[in-house]
Amino acid sequence: WAFDGCSGLTSVVIPDSVTSIGEYAFYECINLTDITFGNSLTTIGLSAFRHCSGLRSLTIPDSVTSIGGWAFQGCKNLSEFKAQDNLKIIGEAAFRDCSGLKKVAVGSGITTIFGWAFADCKNLEYFSLPIKSNLNYLGYAAFLNCGKLKEITIPNNLKEILDQTFFGCKSLKKVKIGENLSIIADRNFEVCLNLETFEVDNNNLFFSSVDGVMFDKKLTKIIYYPKAKEGNYILPYGISNIRTFFRNCKLSSIVIPDSVTTIPRNAFEGSSLTNITIGKGVTRILDYAFSKCSKLEVIHFEGNAPNIVKQTVFKDSSVKRIIIKSDSEKYNEIFKGLSVELLSEKSEIEIDGIFNVPFGFSFAAQKGKLYVVEVTQDFKQWGELETIDGSGKQVKFIDPRQPKMPFKRNFYRVKVVE
């Protein structure tokens, strides 16, 4: 408590003879703007510069190995923090509520970042952490509510992300995951509404990423779907549990494979979906599964009508049409008030033109008919790309995913709704 509350103190020079700054040493020195650290300093103690609201930038000398809990908490004008490779520990809430902090660079020697370390740094945009750093512990809520953070790297040594570590990081767009991460607590990325992609190291034995979506290594379980990932998506066959990973997502359409049996509560609530294809394996749809889907118009069922647990499944949604196969059962009974239409699989359609870049084709569309263009890569699961109203004239279809979403091989078919 040596200089606790010294409001007249504006600058400090720590001599080379000092190896440790004690607890609360400069606590609430609100006009302190400049600190020069000596080259022998190894430890910055608990709350040493807490609420020093005049500090604007901070460079820690290479000799420092530990920053104590709350050391710089509430330094609201601190805009940049840079640490050298010898820094090993950043204590609990060390930089919490540094609302002006925009840029942090931590060296490869870091081993421990305790809970709440950078929580509520609402203007933090850039956090540099080498993928090959020594970090092996990242504490609870370490980056909670860092609302402007855009990208984060999970280094190779880290094995677990604890609860709420990245909860409330609403601007986060990209997450890079190292080769040893094996556990991710549930409440981390669910409100990261601008998240576009996950990138998992190929050597990771537990997780993988395909087209920005995070799966388990065997592609049997979806771990996270980026909320801001747009366009059309076909879930890989073999996925059995979709949980609520698509809640508030920006997808236009999705194909749910036959391997899924239940669409859970709130699964697609608030999403931007316009149409959905549901595989024949689905037997139950739980309440609020498609609630608040204000753009949802068409649902295609590949099998018989599933059991609708409650009528709140489509609460506050705009779904207008249910499209089914001609031999399906119970749809008119279960989906009362919606237009239930039969999908013909035997209508002959003559393709009279094919285009290569981007891929597309043209065909004669009969007036009054509704045509559904679908795509597959394995002939097991088909996904809808576009619905076309027949006008009695030639129509031209261009795959909307290309060249943005190129694939090695695609197969297309056109169906007619009667």
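**Exercise 1.** Is Phe 26 buried or exposed, judged by its relative accessibility?

*Solution.* The model to be examined here is a predicted one. The residue is first located: Phe 26 sits in the loop that links strand 2 (20-21) with strand 3 (34-36). The cut-off comes next, since a residue is called buried when its relative accessible area is under 20%. Phe 26 has 5% relative accessibility, and therefore it counts as buried. As a last step, one may look along the chain to Ser 47, which is 21 residues apart from Phe 26, and find that the two C-alpha atoms are separated by 8.2 Å.

**Exercise 2.** Determine where Ser 99 lies, and which residues it is in contact with once its neighbours within four places in sequence are left aside.

*Solution.* Ser 99 belongs to the loop between strand 8 (89-90) and strand 9 (103-105). Its relative accessible area is 14%, so Ser 99 is buried. With the neighbours within four places in sequence set aside, the residues in contact with Ser 99 are Lys 76, Lys 122 and Asn 123.

**Exercise 3.** Describe the surroundings of Tyr 126, and decide how its exposure should be classed.

*Solution.* Tyr 126 is part of strand 11, which covers residues 126-128. Residues between the limits of 20% and 50% are classed as partly exposed, and because Tyr 126 has a relative accessible area of 42%, it is partly exposed. Turning to distances, Lys 103 is 23 residues apart from Tyr 126 in sequence, while their C-alpha atoms are 4.9 Å apart in space. Apart from neighbours within four places in sequence, Tyr 126 is in contact with Lys 102, Lys 103, Val 104 and Leu 149.

**Exercise 4.** Work out which strands pair with strand 26, and in which direction the residues of strand 26 point.

*Solution.* Strand 26 comprises residues 298-301, with Val 298 and His 300 pointing one way and Ile 299 and Phe 301 pointing the other way, and all of them are buried. In a regular strand the side chains alternate between the two faces of the sheet. One partner is strand 24 (residues 275-278), which pairs with strand 26 in the parallel sense over 4 bridges; here Val 298 is the bridge partner of Asn 275. Another partner is strand 28 (residues 321-325), which runs parallel to strand 26 and is joined to it by 3 bridges. Within that pairing, Arg 321 is the bridge partner of Val 298, and Ile 323 stands opposite His 300.

The solution is completed by strand 28 itself, in which 5 of the 5 residues are buried. Arg 321, Ile 323 and Lys 325 point one way from strand 28, whereas Ile 322 and Ile 324 point the other way.

**Exercise 5.** Characterise the protein as a whole, beginning with its helices and strands and ending with its surface and charges.

*Solution.* The protein contains 1 helix and 35 strands. For its overall form, the C-alpha trace spans about 90 × 45 × 35 Å along the principal axes, and the radius of gyration is 28 Å, where a compact globule of 418 residues would have one near 22 Å. Of the 418 residues, 50% are buried. Among contacts with a separation of 6 or more, 35% are between residues 24 or more positions apart. The accessible surface is about 19,200 Å², and 47% of it belongs to carbon and sulfur atoms. Finally, the 50 positive and 45 negative charges have mean positions that are 2 Å apart.

How values were computed. Residues are numbered from 1 along each chain as its sequence is written. This is a predicted model: local features need pLDDT of at least 70, side-chain atom pairs count only at pLDDT 80 or more; totals for chains, interfaces and linings use all residues. Side-chain values use heavy atoms; hydrogens and water are left out. Helices (H or I, at least four residues) and strands (E, at least two) are DSSP runs, numbered from the N terminus. The radius of gyration is taken over C-alpha atoms; the globule rule is 2.2 Å times the number of residues to the power 0.38. Buried means under 20% relative accessible area, exposed over 50%, partly exposed in between (1.4 Å probe, protein chains only). Contact means heavy atoms within 4.5 Å. Accessible areas come from the Shrake-Rupley method with a 1.4 Å probe; for residues, only the protein chains shown count as cover. Lys and Arg count as positive and Asp and Glu as negative; His and the chain ends are not counted. The place of a charge is taken as NZ of Lys, CZ of Arg, CG of Asp or CD of Glu. Two strands pair if DSSP finds at least two bridges between them.
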